[in-house]
Amino acid sequence: MSTPVLDVQGLAFAYPDGHQALYGVNLHVHRGERVALLGPNGAGKTTLVLHLNGILDAGAGSVAVSGLPVTKDNLREIRRRVGIVFQDPDDQLFMPTVRDDVAFGPANLGIRGGELEKRVMEALDKVGMADYADRPPHHLSFGQRRRVAVATVLVMEPEILVLDEPSSNLDPASRRELAEILTGLDVTLLMVTHDLPYAFELCPRSVVLSDGVVVADGPTYDVLTDDALMAAHRLELPFGFDPRAIGRR
Amino acid sequence: MGQGHGHKLHFHGHSPVHRAAPHHKLLALLGFTLVVVATPKDWFAAYGLYLLLLAAVVVVSTVPPTYLLKRLVVEVPFVVFALLMPFIATGPRVEVLGVSLSEHGLLAGWALLAKGTLGVLASLTLAATTEPRDLLLGLERLRLPQQLVQIMGFMIRYVDVVGDEMRRMRIARESRGFTARNPKHWPVVARSAGALFIRSYERGERVHLAMVSRGYTGSLRQGSDR
């Protein structure tokens, strides 16, 4: 088998205050996969995500991205390879215009001039926001801001796109538009979410993190229809949603 | 959510004043203010000249004078102080309409009023004719340290976000039957301000995290990177 895009082995981490968030997490994601990372609040999902691009240092175990270990010396390249879209677009978009914001990442990588401009417009095009390049981000709707946030990461041509709660606070139309954009991208995807129908729609595979360990890893249909597993880890399907009625995808 | 479009001080236009390079405008404002402040209090004609000069710039800029005059209210605290000066200053006194006023106070009050108004009016004219991001660009060209330019950039970007948060907190307070009417209510308002501060601080940390995730290493160029 080829080198996984994401290779997490025995990852453990405790916060400085002594709170242990991860107890030996193993996770492999291969090229082109779309994986949902599910789990109750406080399961350690965000902590795990912050290890993927070296914001947090592993207490034990290792993380590698396409074979490159996440260490201090590799941070620059790791952060190009792993694109994280945070939950609140207002945290991610801070430049005066959409164009400047999308250019921020590649400019940090040393890209300039026409090449920069080309990549910025390509990324905005992929999320359908090219017409808004010169608008200030805070004048856009929430759904538009989330799409621009995705573009700010896509522009770095990451090997894996990590999304933290991509559907939160979106109205149903924006939620669907984002789903269409995400399924249309040719990129490996890891999506942290509580939105189980969204996970089912977008991700063929799901990983359940609970109390700092991976407790399930398999086809999303199997995870969502395993009632004992779901109940044991505070996962609940929303009212009226039944994966069995939809069937395997 | 409910954010106004455009910054409240900027008046959109395409006049020569709007188009002038931001760093030239900044230097002009600085020079003008220094000259005004350095002018002796009793050179009354000079102040008239300054006002004419400023009025000419406003006319060329096509910004409606009422637009600027309305925003002059920020000066009110200084005006109050300037009006008080003739009453509270000491020294020789003169009778004006039967009220005994201090000569020094009158002159000092006049100077404060004249210099303050000219300075505020000039700054408002700059703000009305220059986009915030162009101002940052101008400051950068004037070699203001990067860190300061970045801090101002973040301030401009997040002033609406924090203002919105403050407004939502007020609405939430009022929805639970609280309105700050007298000093007894101040502790509640103070605690809200504290919560807002902590939230903003945490947001700052999250923004930094998002920046680092995109390879931020300490330098940030305002626009003009193409």
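This is a walk through a predicted two-chain model, one selection at a time.

**Stop 1: the contact between the chains**

Start by colouring chain A and chain B separately, then show the residues where they meet. Each side brings its own set to the contact: 29 residues from chain A and 29 residues from chain B. Together the two chains bury about 2800 Å², with 53% of that on carbon and sulfur atoms. Now pick out A:D91, A:F94 and A:H138 as sticks. This trio supplies 24% of the area that chain A buries against chain B, more than any other three residues.

**Stop 2: charged pairs across the interface**

Stay where you are and turn on side chains. How many salt bridges are there between chain A and chain B? The count is 6. For one to look at, select B:R157 and A:D90; their closest N and O atoms are 2.9 Å apart. Polar contacts across this interface come to 12 residue pairs, with both partners at pLDDT 80 or more.

Which elements of chain A give two or more residues to the side that touches chain B? They are α3 (89–92), α4 (98–108) and α5 (113–126) of chain A. Highlight α4(A) in particular, since you'll find the largest share there, 8 residues. Colour that whole side of chain A by residue type and you get 12 nonpolar, 9 polar and 8 charged.

Next, select B:R203 and A:D88. Their side chains meet in a salt bridge, 3.1 Å from N to O. This pair also crosses between chains: B:R203 sits in helix α9 (residues 186–213) of chain B, while A:D88 is in the loop between β6 (82–85) and α3 of chain A. Zoom out to the whole structure, and the salt bridges over all chains number 27.

**Stop 3: chain A and its open sheet**

Hide chain B for a moment and select residues 6–236 of chain A. An unreviewed UniProt entry annotates this stretch as "domain: ABC transporter". The span is 38% helix and 26% strand, and its end C-alpha atoms lie 28 Å apart.

Within chain A, show the open sheet of 4 strands, ordered β2-β1-β4-β5 with antiparallel pairing. Why do β2 (20–29) and β5 (68–69) of chain A each have one side without a neighbour in the sheet? They stand at the edges and each has a single partner strand, so the other side is left open. Zoom in on one of those edges: β4 (residues 60–65) of chain A is joined to β5(A) by 2 bridges, and the two strands run antiparallel. To see a partnered pair, select A:V65 and A:L68, the latter being its bridge partner in β5(A).

**Stop 4: chain B and its annotated segments**

Bring chain B back. The unreviewed UniProt entry puts "transmembrane region" on residues 44–63, 72–89 and 109–128 of chain B. Try two of these in turn. Residues 72–89 of chain B are 72% helix and 0% strand, with the end C-alpha atoms 26 Å apart. Residues 109–128 of chain B are 100% helix and 0% strand, and here the end C-alpha atoms are 28 Å apart.

**Stop 5: a hairpin in chain B**

Finish with β1 (residues 93–96) and β2 (residues 99–102) of chain B, antiparallel strands joined by 4 bridges. Select B:V94 and you'll find B:L101 of β2(B) standing opposite. The hairpin has 2 residues between its strands, and B:L97 takes a positive phi near 50°.

How values were computed: Residues numbered from 1 in each chain as written. Chains lettered and ligands numbered in written order. Predicted model: local features only at pLDDT ≥ 70, side-chain atom pairs only at ≥ 80, totals over all residues. Heavy atoms only, no water. Contact = heavy atoms within 4.5 Å. Buried area = accessible area lost by both parts, 1.4 Å probe. Salt bridge = Lys/Arg side-chain N within 4 Å of Asp/Glu carboxyl O. Polar contact = N/O pair within 3.5 Å; in protein donor to acceptor, adjacent residues only side chain to side chain. Nonpolar A, V, L, I, M, F, W, Y, C, P; charged D, E, K, R; others polar. UniProt positions renumbered as here; feature names shortened; annotations may be inferred. Pairing = 2+ DSSP bridges.
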